[in-house]
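Dear colleague,

I am passing the structure below on to you, and my notes on what was found in it follow underneath.

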Amino acid sequence: MRKEAPVKDKVEKGDTETRPWLTRAQLLALVVGSLQLVFALVPVLPMSPANQALHVCTGLVGLALAWKHQYARLYGIALLLVYGKLYLDGVDTSTTWLQLPTLETAANGRSALAGLVIALVPAVARR
């Protein structure tokens with residue numbers, strides 16, 4: 001496993017480089033949390049009320065946890081675990097003869113993939 005450089009919260013005096021306000025994981029947590037809310041509140045895809053409520057809750061949690069780098073990573077891991085489990089359950093219960101996932105299952109897979117990206121994106125850019 002690759003070691004990451006610790007992310008500084010404060011810029012010390014004399015530093016010529018300034019740290020961006022948001023790390024990549026924080027920015028992705030904000031974007032994914034916002035998109036979770038938009039997809040749940042705007043009826044683009046037909047969803048069950050339980051799945052819609054889950055998307056609203058995870059969107060709000062994403063917006064709340066994006067304020068610190070470690071919390072954004074934790075949000076990514078939680079997305080991966082929760083929506084990964086829902087995706088696997090949805091694929092197992094597919095009753096069509098082609099075994100194509102439903103729209104809800106595809107949305108769960110999208111959220112699990114977003115969680116994987118948030119959890120594994122590098123904290124700082126290499127030079």
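How many cavities of 30 Å³ or more does a search of the whole structure find? The search finds 1, where a cavity is a set of points on a 1 Å grid over the protein atoms alone at which a 1.4 Å probe fits but cannot get out. Please bear in mind that this is a predicted model, in which local features need pLDDT of at least 70 and side-chain atom pairs count only at pLDDT 80 or more, while totals for chains, interfaces and linings use all residues. Residues are numbered from 1 along each chain as its sequence is written, and side-chain values use heavy atoms, with hydrogens and water left out.

The largest cavity has a volume of about 40 Å³, taken as the space filled by probe spheres set on the points, which are joined across faces, edges and corners. Its lining (residues with an atom within 4 Å of a point) consists of F39, V42, V44, L45, M47, H55, A107 and R110.

The largest nonpolar core (buried Ala, Val, Leu, Ile, Met, Phe, Trp, Tyr and Cys residues joined through side-chain atoms within 4.5 Å, buried meaning under 20% relative accessible area with a 1.4 Å probe, protein chains only) has 12 residues, among them A25, Y75, Y83 and I118. At least two residues of this core come from each of α1 (24–41), α3 (69–92) and α4 (103–120), helices being DSSP runs of H or I with at least four residues, numbered from the N terminus. The largest share, 4 residues, is supplied by α3.

In α4, the buried residues are T105, A107, N108, G109, S111, A112, A114, G115, I118 and A119, and what covers them includes α1, α2 (49–65) and α3. Leaving aside neighbours within four places in sequence, Y83 is in contact (heavy atoms within 4.5 Å) with Q36, L54, H55, T58, N108, S111 and A112.

With regards

Definitions and conventions. 1 Å grid on protein atoms, 1.4 Å probe; cavity = no way out; pocket = protein on both sides within 12 Å on 5 of 7 lines; lining within 4 Å. Buried < 20%, exposed > 50% of the residue type's maximum accessible area, 1.4 Å probe, protein only.
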